[in-house]
Amino acid sequence: MSTELPPDYKPWPALWAMVIGFFMILVDNTIVSVATPAIMEDFRTDYNTVIWVTSAYLLAYAVPLLVTGRLGDRFGPKNMYLLGLTIFTLASLWCGLTGSIEMLIVARVVQGFGAALITPQTMAVITRTFAPANRGAAMALWGATAGVATLVGPILGGVLVDSLGWEWIFFVNIPVGIIGFVLAVRLVPVLTTHTHTFDWLGVALSGIGVFLVVFGVQEGEKYDWGTIEGIVSVPLLIALGLVTFAAFVFWQSRIRKEPLVPLSLFRDRNFSLGNAGIALVSLSITAMSLPFFFYAQGVRGWSPTESALLMAPMAVVLILLAPFVGKLVDRTHPRNITLVGFGTAAVAMFWLSQLITPTTPVWQLCLPMALFGVSNACLWAPLSATATRNLPMASAGSGAGVYNTTRQIGAVLGSAAIAALIQARLTANGIEGSSQDLQDAGDAMPSAIQGPFAEAMSQTLYLPVAAFVVGLVLVLFLAKPTHAGHGGPRAAAKEAAPTA
């Protein structure tokens with residue numbers, strides 16, 4: 001355990017206090033999915049525009065994460081957590097009160113920034129307050145929280161949309177945020193701060209690079225992957241984004257004092273593979289939820305609550321398995337658990353894609369969802385614990401920032417890619433138009449287009465299937481981590497050397 005705390009310090013109460021805020025911001029990653037058809041109908045907009053409500057949040061969440069971990073090291077993780085929780089809670093109020101799709105997207109950007117301040121502080125507190133031998137159990141709780149929130153979000157959203165309206169998916173954050181703030185003030189310890197420099201050029205390069213790629217991918221189908229205006233085209237934006245991101249990586253390699261992304265972190269095989277794995281998981285879950293809810297509410301005519309309850313088998317299986325998997329994280333090779341996770345996820349998604357038809361019985365849809373619960377239990381916690389276990393203590397903030405950035409970039413790329421894929425498959429299946437052209441809120445679309453629409457949504461699920469297969473291959477190369485020295489003195493010395 002960290003020497004900055006008394007020997008008899010018990011870290012679990014502080015972790016549980018922070019889990020409340022962490023759970024809330026992660027629920028917001030997915031709670032909007034089930035409300036998207038209602039938001040789209042209320043503001044009379046199209047599929048591509050309404051998906052920006054999700055993408056804007058994820059993008060504003062992802063980009064600042066590279067620096068917010070360092071802000072926690074500099075000003076204290078408790079202070080940054082409380083600031084982020086305040087911003088997030090007030091932005092939630094703004095989201096619920098907004099009267100246009102454009103202002104909702106702007107409010108979601110502010111909300112995402114608040115979430116970016118919160119997330120790395122939770123991982124940093126775990127790393128700095130738990131002994132290495134017990135850190136796996138704490139990270140298992142952290143990872144399980146992410147998994148449960150991802151699945152509970154749509155169910156909670158469905159109930160709120162049906163009973164009170166889509167605005168309440170944001171209003172519900174206000175009391176939760178207040179409770180989380182009070183508990184954090186009382187229970188989270190004040191940890192030693194460290195002086196840091198901040199690479200604002202790196203922040204700008206990474207933000208611009210990710211935004212250009214995401215904008216190009218998500219808007220590509222709208223502009224037929226060609227010219228947007230004048231010399232500006234979709235391929236040009238994507239290419240500029242990739243070049244900018246390459247410049248960011250090069251810039252990080254040249255910084256000798258406190259780069260945003262210490263490239264030495266990636267010398268640890270498990271950190272590299274863990275980052276890649278969690279990006280694929282986030283991409284896949286974000287990508288599968290939107291077409292599934294469009295199918296459930298559009299083709300089948302189910303209410304938001306009814307469609308969200310189809311996720312219940314996932315949540316139940318995950319909750320039942322999470323404690324068991326958490327105990328295994330510190331006892332078995334991470335490859336064993338994650339292979340099961342990615343393997344069952346690929347099977348579950350392919351199985352689900354074959355069931356997306358206008359007449360599939362509900363009980364059949366529940367079967368792959370239950371299997372997907374097994375997948376989530378075997379992915380979130382094991383990947384997070386494995387990726388961070390060998391990091392030197394001095395890299396707690398930067399490691400947390402990189403890991404969470406990778407996870408969120410995976411989610412925002414999943415949102416952008418599925419937006420483009422939905423538009424492409426709808427067009428390929430002879431369906432065009434915005435939501436009001438296809439359906440009224442809560443009612444199934446005309447029977448003549450139910451089949452083609454369902455087929456289009458089914459085809460989009462091949463994206464998460466492919467991502468899970470790639471993850472299955474990656475985790476074959478995971479190495480068995482050790483608890484000794486939290487990466488060992490040599491690793492700590494290597495990490496400290498460039499920042500001395």
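This is a short walk through the predicted model shown above, from its overall make-up to a few helices and single residues.

Let's start with the whole protein. Its secondary structure comes to 21 helices and two strands. Of its 500 residues, 60% are buried. If you take the contacts with a sequence separation of 6 or more, 86% of them join residues 24 or more positions apart.

A good place to look in detail is helix α20, which covers residues 462-474. Does its length suit its residue count, or what span should we expect? At 1.5 Å a residue, its 13 residues should span 18 Å, and the C-alpha atoms at its ends are 19 Å apart, which agrees. Now turn to its side chains: P464, V465, A467, F468 and G471 are the buried residues to find in α20. Viewed down the axis of α20, these buried residues fall within an arc of 165°, so they line one face of the helix. The general geometry is a handy reminder here: an α-helix has 3.6 residues a turn, so residues three or four places apart point the same way. What covers the buried residues of α20? The cover includes α11 (269-299), α14 (334-355), α15 (362-377) and α19 (447-460).

Two of those covering helices, α15 and α11, also lead us to helix pairs worth a look. As a rule, two packed helices are described by the angle between their axes and the distance between the axes.

Take α15 first, with its partner α13, residues 312-329. The axes of these two helices come within 7 Å and cross at roughly 30°. Angles under 35 degrees count as roughly parallel, and that makes α13 roughly parallel to α15. The crossing of the pair is right-handed. On the α13 side, the contact is made by P313, M314, V317, L318, L321, A322 and V325. On the α15 side, you will find C366, M369, A370, F372, G373, V374, N376 and A377.

Next comes α11, which packs with helix α1, residues 12-43. Here the axes are 8 Å apart and the angle is about 55°, which makes α1 oblique to α11. The crossing of α1 and α11 is right-handed too. To see where they touch, select S33, V34, T36, P37 and M40 in α1, which meet S289, L290, F293, F294 and Q297 in α11.

From α1 we can step into the loop between α1 and α2 (47-62), where R44 lies. R44 is not a glycine, yet it has a positive phi of about 50°. Is R44 buried or exposed? Its relative accessibility is 54%, so R44 counts as exposed, the cut-off for that being over 50%.

D224 also invites a look at its backbone: its phi is positive, about 55°, although D224 is not a glycine. You will find D224 in the loop between α9 (200-220) and β1 (227-229). With 62% relative accessibility, D224 counts as exposed.

Let's end with another arginine, R70, whose place is in helix α3, residues 65-75. R70 has a relative accessible area of 7% and is therefore buried, since buried means under 20%. How far apart are R70 and T195 in sequence and in space? They are separated by 125 residues in sequence, while their C-alpha atoms are 9.3 Å apart.

Definitions and conventions. Residues numbered from 1 in each chain as written. Predicted model: local features only at pLDDT ≥ 70, side-chain atom pairs only at ≥ 80, totals over all residues. Heavy atoms only, no water. Helix = DSSP H or I, 4+ residues; strand = E, 2+ residues; numbered from the N terminus. Expected span 1.5 Å × (residues − 1). Buried < 20%, exposed > 50% of the residue type's maximum accessible area, 1.4 Å probe, protein only. Arc of directions from axis to C-beta. Contact = heavy atoms within 4.5 Å. Axes fitted to C-alpha atoms, helices over the stretch in contact; angles between N-to-C directions. Parallel < 35°, antiparallel > 145°, perpendicular 65-115°, else oblique. Left-handed = near helix turned anticlockwise from the far one by under 90°.
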